[in-house]
Amino acid sequence: MGIFKKASDRLELFRKMMDRTDAKAGCGSDTLGEGDLKSGIVTCLSCRHEEACMDWLEDNGSQTRAPAFCANAMRLNKTFH
């Protein structure tokens with residue numbers, strides 16, 4: 001898999017995970033700031049759980065908190081209401 005394809009696929013997974021967990025980008029205490037987004041993207045790019053992530057996103061439509069295997073779970077779940 002080419003590096004740009006992998007990066008594109010991972011960014012899409014990160015976006016979907018943000019959507020599912022209702023994580024919002026912004027400046028408030030209940031949002032992901034620029035640093036969190038950058039760190040989240042880098043973390044997602046190096047994650048070894050791509051298949052588990054895709055399966056979770058496909059199979060757990062009612063789940064709104066990031067799963068424990070997600071390297072970004074703490075970051076995404078901090079915006080959980």
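Where is the place of Trp56? The legends below start there and then work through the rest of this predicted model.

**View 1. Trp56 sits in helix H3 and is buried.** Helix H3 is the home of Trp56. Its relative accessibility is just 9%, and Trp56 counts as buried because the cut-off is under 20%. Setting aside residues up to four places away in sequence, Trp56 touches Met17, Arg20, Gln63, Arg65, Ala66, Pro67 and Phe69. For a sense of distance, take Ser8: Trp56 and Ser8 are 48 residues apart in sequence, and their C-alpha atoms are 19 Å apart.

**View 2. Helix H1 packs against helix H3.** Here H1 (residues 3-21) and H3 (residues 50-59) meet at an angle of about 40°, and their axes are 11 Å apart. That angle makes H1 oblique to H3. As for handedness, this crossing of H1 and H3 is left-handed. On the H1 side, look for Asp9, Arg10, Leu13, Lys16, Met17 and Arg20; on the H3 side, they meet Glu50, Cys53, Met54, Trp56 and Leu57. Sorted by class, the contact of H1 with H3 has six nonpolar and five charged residues, with no polar ones. Zoom in on Leu57 and you find it touching Leu13, Lys16, Met17 and Arg20, not counting residues up to four places away in sequence.

**View 3. Helix H1 also packs against helix H2.** H2 covers residues 34-46, and H1 and H2 pack at an angle of about 120° with their axes 9 Å apart. Once again the label is oblique, this time for H1 relative to H2. The crossing of H1 and H2 is right-handed. H1 brings Lys6, Ala7, Arg10, Leu11, Phe14 and Met18 to the contact, while H2 brings Leu37, Gly40, Ile41, Cys44, Leu45 and Ser46. Split by class, the residues in the contact of H1 with H2 come out as eight nonpolar, two polar and two charged.

**View 4. Met18 is a buried residue of helix H1.** You'll find Met18 in H1, and its relative accessible area of 12% makes it buried. Leaving aside neighbours within four places in sequence, Met18 is in contact with Ala23, Lys24, Ala25, Leu32, Leu37 and Leu76. Thr64 is another residue to pick out: Met18 and Thr64 are 46 residues apart along the chain, yet their C-alpha atoms are separated by 9.6 Å.

**View 5. The largest nonpolar core has 14 residues.** Those with the most contacts inside this core are Met17, Met18, Leu57, Ala66, Cys70 and Leu76. At least two residues of the core come from each of H1, H3 and helix H4 (73-77). H1 gives the largest share, with four residues.

**View 6. Asp22 has a positive phi.** Asp22 belongs to the loop between H1 and H2. Its phi is about 60°, although Asp22 is not a glycine. What makes that worth a close-up is that most residues other than glycine have a negative phi. With a relative accessible area of 42%, Asp22 is partly exposed.

Conventions. Residues are numbered from 1 along each chain as its sequence is written. This is a predicted model: local features need pLDDT of at least 70, side-chain atom pairs count only at pLDDT 80 or more; totals for chains, interfaces and linings use all residues. Side-chain values use heavy atoms; hydrogens and water are left out. Axes are lines fitted to C-alpha atoms, for helices over the stretch in contact, and angles run from 0 to 180 degrees between N-to-C directions. Angles under 35 degrees count as roughly parallel, over 145 as roughly antiparallel, 65 to 115 as roughly perpendicular and the rest as oblique. A crossing is left-handed if the near helix is turned anticlockwise from the far one by less than a right angle, and right-handed if clockwise. Contact means heavy atoms within 4.5 Å. Ala, Val, Leu, Ile, Met, Phe, Trp, Tyr, Cys and Pro count as nonpolar, Asp, Glu, Lys and Arg as charged, and the others, Gly among them, as polar. A nonpolar core is a set of buried Ala, Val, Leu, Ile, Met, Phe, Trp, Tyr and Cys residues joined through side-chain atoms within 4.5 Å. Buried means under 20% relative accessible area, exposed over 50%, partly exposed in between (1.4 Å probe, protein chains only).
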